[in-house]
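Subject: Structure for you to look at

Hello,

Here is the structure I said I would pass on. My notes on what was found in it follow below.

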Amino acid sequence: MSKQIAGWIMDRNLRAFLELLSRYVDYAFDDTDWDTIETCVRDTDDEKSDGWYSYPLAGTSATLEVSFARSVGSEVMSVSVTGVETPELQLRTDTLLSAFASI
């Protein structure tokens with residue numbers, strides 16, 4: 001059963017969050033992915049329904065859709081991950097969100 005996991009992280013941790021999440025689904029996250037995300041996330045706003053940016057992580061073991069938006073005026077990035085189907089991946093995703101919110 002696919003589950004959505006949402007939370008927030010410090011925006012400086014977005015790349016590390018995505019790199020680790022990509023490893024869990026066997027997706028080869030690289031500089032091209034990051035360049036795209038870094039450019040597209042600049043003008044996001046988590047208070048607007050159309051202010052979010054989504055990016056797929058289509059790995060060999062799962063495909064996740066990661067949506068994120070800045071909390072304007074802060075260093076916080078709101079994050080939502082859909083397509084999380086296994087309990088193990090749910091736990092890992094939730095743990096990453098918790099960890100990157102606190103550092």
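The strands form an open sheet of four, in the order E1-E4-E3-E2, and their pairing is antiparallel. E1 and E2 are the edge strands, each pairing on one side only. From one strand to the next the twist averages 20 degrees. Please keep in mind that this is a predicted model.

As background, strands of a sheet pair through backbone hydrogen bonds, in either a parallel or an antiparallel way. Here, seven bridges join E1 to E4 in the antiparallel sense, and within that pairing Ile9 has Met77 in E4 as its bridge partner. E2 and E3 also run antiparallel and are joined by six bridges. Ser54 is bridged to Ser67 in E3. The connection from E2 to E3 is a hairpin through four residues.

Helices on the sheet

Two helices can be placed against the strands. H1 lies across E1, E2, E3 and E4, and its direction is at about 170 degrees to E3. H3 lies across E1, E3 and E4, running at about 20 degrees to E1.

The core

Nonpolar side chains tend to be buried together in soluble globular proteins. The largest nonpolar core in this model has 26 residues. Phe17, Leu18, Ile37, Leu57, Val66, Phe68 and Val79 are the ones with the most contacts inside this core. At least two core residues come from each of these elements: strands E1 (3-10), E2 (53-58), E3 (63-70) and E4 (76-84), and helices H1 (14-24), H2 (31-41) and H3 (87-102).

Which residues does Ile37 contact, leaving aside its neighbours within four places in sequence? They are Leu14, Leu18, Phe29, Tyr53, Tyr55 and Phe68.

Val81 is another residue to look at. Val81 is found in strand E4 and is buried, with a relative accessible area of 0%. Not counting residues up to four places away in sequence, Val81 touches Lys3, Gln4, Ile5, Phe17, Leu21, Leu64, Glu65, Val66 and Thr93. For one of these, Glu65, the C-alpha atom is 5.7 Å from that of Val81, although the two residues are 16 apart along the chain.

Strand E2 and the aromatic residues

In a regular strand the side chains alternate between the two faces of the sheet. E2 shows this alternation: Tyr53, Tyr55 and Leu57 point to one face and are buried, whereas Ser54, Pro56 and Ala58 point to the other and are not buried.

Three aromatic pairs turn up in a search of the whole structure. In one, the rings of Tyr53 and Tyr55 have centres 6.4 Å apart and planes at 35 degrees, so this pair counts as tilted. Tyr53 and Tyr55 are both buried. In another, the ring centres of Tyr53 and Phe68 are 5.9 Å apart with the planes at 50 degrees, so this pair is tilted too. Because Tyr53 lies in strand E2 and Phe68 in strand E3, the pair ties together parts that are 15 residues apart in sequence. Phe68, like Tyr53, is buried. Tyr53, Tyr55 and Phe68 form one aromatic cluster.

Salt bridges

Side chains of opposite charge can pair when their charged atoms come close. How many salt bridges does the structure hold? There are five salt bridges.

Arg15 takes part in a salt bridge with Glu19, at 2.8 Å from N to O. Arg15 and Glu19 are four residues apart in helix H1, so about one helical turn separates them. Arg15 is partly exposed at a relative accessible area of 25%, and Glu19 is partly exposed at 29%.

Asp31 also meets Arg15 in a salt bridge, at 2.6 Å from N to O. This pair links distant parts of the chain, with Asp31 in helix H2 and Arg15 in helix H1, 16 residues apart. Asp31 counts as partly exposed, with 48% relative accessibility. Arg15, Glu19 and Asp31 are thus linked in a network of salt bridges.

In helix H3, Glu88 and Arg92 are four residues apart, so they too are separated by about one helical turn. The side chains of Glu88 and Arg92 form a salt bridge of 3.2 Å, N to O. Arg92 is partly exposed at 33% relative accessibility.

Regards

Definitions and conventions: Residues are numbered from 1 along each chain as its sequence is written. This is a predicted model: local features need pLDDT of at least 70, side-chain atom pairs count only at pLDDT 80 or more; totals for chains, interfaces and linings use all residues. Side-chain values use heavy atoms; hydrogens and water are left out. A nonpolar core is a set of buried Ala, Val, Leu, Ile, Met, Phe, Trp, Tyr and Cys residues joined through side-chain atoms within 4.5 Å. Buried means under 20% relative accessible area, exposed over 50%, partly exposed in between (1.4 Å probe, protein chains only). Contact means heavy atoms within 4.5 Å. A salt bridge is a side-chain nitrogen of Lys or Arg within 4 Å of a carboxyl oxygen of Asp or Glu. Rings of Phe, Tyr and Trp (its six-membered ring) pair if their centres lie within 6.5 Å; planes under 30 degrees apart count as stacked, over 60 as edge-to-face and the rest as tilted. Two strands pair if DSSP finds at least two bridges between them. Axes are lines fitted to C-alpha atoms, for helices over the stretch in contact, and angles run from 0 to 180 degrees between N-to-C directions.
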